[in-house]
Amino acid sequence: MGTALVYDDEMTKYKLLWVDPVCELEVPERLQVSHQALVRSGLAGRCVPVPVREATDEEVLLVHSAEYLEGVKKTPFMDLEDLMAFTQQYGDVYFHPNIYHCAKLAIGATLQLVDRVMTGKVRNGMALVRPPGHHSQTSQANGFCVFNNVAIAAQYAKKHHGAKRVLIVDWDIHHGQGIQYCFEDDPSVLYFSWHRYEHQSFWPNLRESDFDSVGSGKGAGFNINVPWNQVGMGNSDYLAVFFHVLLPVAYEFGPDLVLISAGFDSAIGDPEGHMCATPDIFAHLTHLLMNLAGGKVCAVLEGGYNLTSLAQSVCQTVQTLLGDPPPHPANLGGPCESALESVHSARSVHKKYWSCLQHAGEPSTKTCRPAQQDGPQGPQSNGGGEAQKEAIAWPEPLQRVAPSVRTALVLPDAVPCADGCERFSPAEGPDSMATAGLRKHFLKESEDGVNVKLLYNITALVGKMEKNEVWHCLPFPFVPSYVLCVCSKHLHINFNHTLTYGCGDTVGLMQAALGLLLPLGYQYAPGLVLLVRPPGCRAREDLWLQLTGLLQGLAAGHTLVLVQENETASVGITASCLLGNAAPSLGSLAAPGPEDVESFERLRLRLQTDWPLLQTTETWGRQRLRKMSAAAARGARMKKDESFLGKLGGTLGRRKKSKEVSDLHEEGKNAINAPLLPSTIEIHPEDTLMEENAERVMLDPTSRENLKFKDLLKVLIDWINSELEEERIIVKDLEEDCYDGQVLQKLFEKLWGKKLNVAEVTQSEIVQKQKLQTVLEAVNLLLQPHGWPIEWSVDSIHSKNLVAIVFLLVSLAMHFQAPIRLPEHVSVQVVVVKKRDGLLQTGLVTKELTTTTEMMLGRFERDAFDTLLDHAPDKLNVVKTSLITFVNKHLNKLNLEVTELESQFADGVYLVLLMGLLEDYFVPLYNFFLTPESFEQKVHNVAFAFELMQDGGLKKPKARPEDVVNLNLKSTLRVLYNLFTNYKNSD
Ligand code: Q6P
Ligand code: ZN
C-alpha cells in the first residue's frame with residue numbers, strides 16, 4: 001500500500017495578469033517548487049503517481065450553484081477587460097483564461113486521490129493543486145479559490161464511497177469559511193480550522209470565524225474554529241491545539257476519511273501567516289492524523305506563499321505520509337498565553353457536544369475583544385511593503401535518513417518472521433563478561449540462560465537503534481508487569497499506577513493517551529520509546545495498535561516493543577504497525593467513564609506546572625503575586641538546599657527550559673506515583689493562592705538597600721529617560737513605570753529604530769499583557785541568538801518583579817551598546833517561594849545582574865558563525881563536514897566515530913576525550929562522567945573540556961557549557977571550530 005501523489009504541471013499554467021498587490025503572492029512557482037522539492041529529495045519517486053482529470057459539471061455542482069458554474073465557464077473566452085470585471089465581483093481572487101480548466105483539474109486531482117484512497121489502492125496521498133479551494137463558496141470565488149476542492153471531495157466521498165463521517169482538518173492559516181458554510185448544519189462532516197484572526201482584524205475579517213461558531217441545527221458541534229489572536233504562534237501552540245482540541249474530538253468522531261486542507265502559510269516565513277512553526281511540525285501534524293480512519297488521509301494543497309518554507313513543509317508532509325517516522329520535535333517549550341486562551345475557548349464552547357471535553361472549564365468572561373467594527377479593516381499595518389520582504393531564517397529540516405533496517409524482530413527460532421521485517425540475531429552471543437553483567441543487573445533471581453541471551457539481543461538491538469541502523473524492533477518474549485510503559489533514561493509513565501480505575505475501556509485510555517501521554521512524551525522528547533504489550537491485550541488489539549502507531553512520533557521512530565511469549569499472534573500485526581501501516585479505526589467512541597475522566601483530569605492539572613504542553617487554560621488569571629509576597633514574608637526561610645535552589649537558579653518564569661526537564665523527572669515521577677488527591681477536593685484555581693509546585697521569585701528586601709544595586713537602578717533610569725526624552729516620558733520607578741509594557745515598548749522601538757505592532761492604549765490587564773508579550777517576543781528574538789539568558793517573562797514583568805525588569809534592561813543596554821557605564825558585578829538576593837505538598841517553602845538565591853562590561857558586550861560580538869548561520873546556511877554543511885572529518889581523524893584512534901555535530905558533543909564526553917587525544921594525554925576517568933545522566937553531569941563534562949582547552953593554551957571558548965549541552969548548534973560549532981583552527985595540522 002503506497003502513497004499517492006497527484007500532480008500535473010498544467011495547473012501551473014495560469015497567473016495574475018494585472019497588478020494587484022493582494023493577489024501577487026499566488027504564483028505558479030508555488031506548485032513548481034513544491035513538486036521539484038519532492039522530486040529532488042527522492043520522495044516523489046517513492047510515491048504512486050496518479051494522473052489528474054477534469055471534474056465533471058455534476059461534481060462541481062456537489063457544492064456550487066449552476067449559475068456560478070455557468071459564469072466561470074465563460075471566463076476562458078473573456079478578454080482582459082472582461083476578466084478584470086468578472087474578478088471585481090469577488091474578494092481577493094483573480095481570473096485568467098486558463099483558470100477554469102485548472103480549477104476543474106484541481107477538483108479532479110482531489111477526487112482521483114479520494115478514489116484511490118477509498119478503494120484501498122493506496123494508503124493515503126497528497127494532491128498538489130492550484131487554484132486552492134477552501135474560501136470558495138456556493139456562488140462565489142474568493143481568496144485565490146475558484147471551486148472548493150476539499151468540500152467537493154467530502155461530498156463525493158459520502159456519495160460515491162459511502163463514507164459516513166468525514167473529518168476535514170484545515171491547517172492553512174486562513175479560515176476556510178467556504179468549507180464552514182458548506183457543512184454548517186451537516187453532522188457527517190466535521191470541519192476543524194485554525195486561523196490567524198487577531199480579534200477579527202485579519203482577513204477575511206469574519207465574525208463567524210471565531211471559536212463560538214460551532215455549526216447549527218444537527219451540525220452543532222461539528223464546526224471547530226480555533227482563532228489565533230496573535231501572530232508568531234509556534235510548534236508548541238500547534239501541538240497544544242492538536243492534543244487538547246482536535247485529536248480528542250477527532251477520535252470521538254471516528255471518521256471514515258480524513259481530508260487535510262493543507263495550506264502551508266501557517267509555517268514560519270510566510271508573508272501572510274506571520275507564524276513561527278517550523279516545517280517539520282507538519283510531519284507531526286500529519287503523523288498524528290494518520291491513525292484515524294484506518295489511515296485514509298488525503299492532503300490537498302491550499303495556501304503557502306514563502307516558496308522555501310512551502311517546499312520544505314510539503315516534503316515533511318509527504319515523507320510522513322510515506323510512513324517515515326517524524327523527526328524529533330523541535331523547540332517545544334509550551335503554548336503561549338494567547339494560544340492557551342484560544343484552546344480554552346474552543347474547548348469550553350464545545351464541551352456540550354463532545355464528551356471528551358466535558359471537563360473543560362467554563363468560557364472565560366475575560367476574553368478581550370475589541371469593539372465590533374463595521375466590515376473589514378484596511379490592509380494590515382504590520383505586513384506591508386518592505387517589512388514583508390525582510391528575510392526570516394530558520395534551519396532547514398534535517399534529512400530523515402532511513403536506516404537499512406526499518407523493523408527488526410528478536411524471535412525464538414520456531415516463530416516465523418513477519419513480512420517486511422528482519423530477524424535480528426547477532427552472530428556472536430554474549431561473552432562471559434556481558435553475561436555476568438546482565439545477570440547482575442537484570443536477572444538476579446533467574447538462572448535462565450534463554451533470558452540472558454534474549455536480554456543480550458535486546459541490548460544489542462537498542463545499540464543499533466542508537467546508531468540509527470534500525471528504527472523499530474519487536475523483541476520477544478518478555479515478562480511484563482506494566483500495562484503500558486513509555487520510558488527512556490529518566491521518565492517512566494506507568495499507566496497501571498496512574499489510571500488505576502481509568503482505562504477500563506478504550507475511550508478512557510485513548511483520551512488519556514491523547515491528552516496526557518502524547519503531550520508529556522512530546523515535551524520529554526525521549527530517545528527511545530519502550531512499549532510493553534500487556535498480558536491479555538488481545539481483546540483490545542485495535543487500541544494497542546493505535547498506541548503503537550501514535551507513539552512512533554516521539555523518538556524519531558525509535559520504538560522498542562516487548563511482546564510476551566504466548567502472544568505470537570500479535571507479532572504480525574504489531575510489526576505491520578511498526579512498518580508504518582495505520583492502525584484500524586476505532587470507530588466513533590462513546591463517552592469515557594466519569595472516574596476515568598476525573599483521575600485523568602486531576603493528573604493533568606497536577607503535572608501541568610512542570611509540563612506546559614499539558615495546559616489547556618491560560619494561567620495569568622491565577623497569578624496573585626502581591627498576595628504571595630505577603631505569604632512569603634510569613635513563610636520560614638529555608639536553608640540553602642543545593643538540589644532545590646540549584647534547580648531554581650536562572651528561572652524567573654513559570655515555564656521550564658528544556659535543560660531543566662531532566663531535573664523534573666523526579667518530581668514528575670513523584671507526582672505520578674503519589675496517591676491521588678481525594679476526589680472530594682475540588683480544584684478552584686481562583687481560590688488557590690499558588691498551584692502545587694508553582695514558583696514565585698521576588699527581590700529580597702535587604703537587597704533593595706544594596707548600594708551597587710541602587711546605583712544600577714539609577715543608571716538605568718537615567719538612560720531610559722534620556723532615550724525617551726522626545727516621547728516626553730519620565731521614569732521614576734522601574735517597577736511602577738515598566739510593568740505595563742508602555743515604557744518598554746517605547747524604549748525598544750527607540751533603540752531598535754522600528755515600530756512594533758501593538759495597541760497604543762493599554763488600560764486593561766489583558767491588553768497590557770498582550771503588549772508585553774509582543775515587546776518581549778521581539779526582544780527575545782533579538783537577544784536569544786547571543787546566548788543571553790532570558791530571565792524575564794510577561795508575568796514576571798507585569799507583576800512588577802524588579803529583578804526581571806532589571807535583567808531585561810541590562811540586556812537591552814548591552815545589546816544596543818548604550819552610552820552608559822553599568823556598575824559591574826551587581827548581585828542581589830532573591831526569595832524563591834515554592835508550593836510543595838500544600839506548604840509554602842522559601843529559599844534564597846543569588847542573582848548576578850551584571851558581570852563585567854567586557855563580558856557583557858562580548859556576548860553581542862558577532863562572529864563568523866552568526867554570519868554563517870544567518871546568511872549562508874548552505875555553506876553550513878560544508879563546515880559541518882570538515883569539522884566531522886577533523887574530529888573523526890582523532891576519535892577514530894579510540895574506535896569512536898561521530899556522525900552528527902548537533903547532538904553527539906552535547907554530553908561533553910567526546911569533547912573531553914578529544915582534548916586528551918589532541919594534547920596526547922590520558923584523561924583520568926574520575927575527572928568526568930563517562931555516561932552522564934543528568935544535565936549537571938553533562939555541564940560538568942563540557943566545562944571540564946573547556947578547562948582542558950584553556951590548559952592547552954586555547955582561548956576561553958565563547959560558548960557556555962550549558963549551551964553546548966542544550967544542543968545549541970552555534971555554540972557547539974564555535975567550540976569545535978576553535979579546536980579545528982588550533983589542531984588541524986596535528987596528527
Ligand atoms: C488571502 C488573500 C490577502 C490579504 C492581504 C485556499 C489559500 C489561502 C488564500 C488566502 C487568500 N488576502 N494581506 O486559499 O487561504 O491561503
Ligand atoms: Zn491561506
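In which loop does Ala 556 lie? Ala 556 lies in the loop between α18 (541-551) and β15 (559-562), where helices (H or I, at least four residues) and strands (E, at least two) are DSSP runs numbered from the N terminus. The structure is a predicted model, in which local features need pLDDT of at least 70 and side-chain atom pairs count only at pLDDT 80 or more, while totals for chains, interfaces and linings use all residues. Residues are numbered from 1 along each chain as its sequence is written, chains are lettered from A and ligands numbered from 1 in the order in which they are written, and side-chain values use heavy atoms, with hydrogens and water left out.

**Backbone features in loops**

The phi angle of Ala 556 is near 55 degrees, a positive value in a residue other than glycine. Ala 556 counts as buried because its relative accessibility is 15%; buried means under 20% relative accessible area, exposed over 50%, and partly exposed in between (1.4 Å probe, protein chains only). Leu 967 is not a glycine either, and has a positive phi of about 65 degrees. Leu 967 is found in the loop between α37 (961-965) and α38 (969-983), and its relative accessibility of 46% is why it counts as partly exposed.

Two cis peptide bonds are listed below.

| Peptide bond | Omega |
|---|---|
| Arg 130 to Pro 131 | about -10 degrees |
| Trp 203 to Pro 204 | near 5 degrees |

Pro 131 belongs to the loop between β3 (122-127) and α7 (149-161). Pro 204 is placed in the loop between β5 (189-196) and β6 (223-228).

**The zinc site**

The zinc ion (ligand 2) has protein donors from Asp 172 (OD, OD), His 174 (ND1) and Asp 265 (OD), at 1.9 to 2.7 Å. Donors are N, O and S atoms within 2.8 Å of the metal (3.2 Å for Na, K and Ca), and water is not among the atoms, so sites may look incomplete. Along the chain, the donors follow the spacing D-x1-H-x90-D. Asp 172 lies in the loop between β4 (166-170) and α8 (177-183), and Asp 265 in the loop between β7 (257-262) and α10 (281-289), so this pair ties together parts that are 93 residues apart in sequence. Both Asp 172 and Asp 265 are buried.

The angles among the 6 donor atoms of the zinc ion (ligand 2) are 54 to 160 degrees, and the site is irregular. Four donors count as tetrahedral if all angles lie between 85 and 135 degrees; four count as square planar and six as octahedral if opposite donors are over 155 degrees apart and all others between 65 and 115; anything else is irregular.

**The surroundings of ligand 1**

Ligand 1 is surrounded by 17 residues, and the closest are Asp 92, His 134, His 135, Asp 265 and Tyr 305. A residue is counted here if one of its heavy atoms lies within 4 Å of the molecule. Oxygen atoms of ligand 1 take part in polar contacts, which are pairs of N or O atoms within 3.5 Å; within protein, one must be able to donate a hydrogen and the other to accept it, and residues adjacent in sequence count only if both atoms are side-chain atoms. A polar side-chain atom of His 135 is 2.6 Å from an oxygen atom of ligand 1, and for Asp 265 the distance from a side-chain N or O atom is 2.8 Å. His 174 has a polar side-chain atom 3.1 Å from an oxygen atom of ligand 1.
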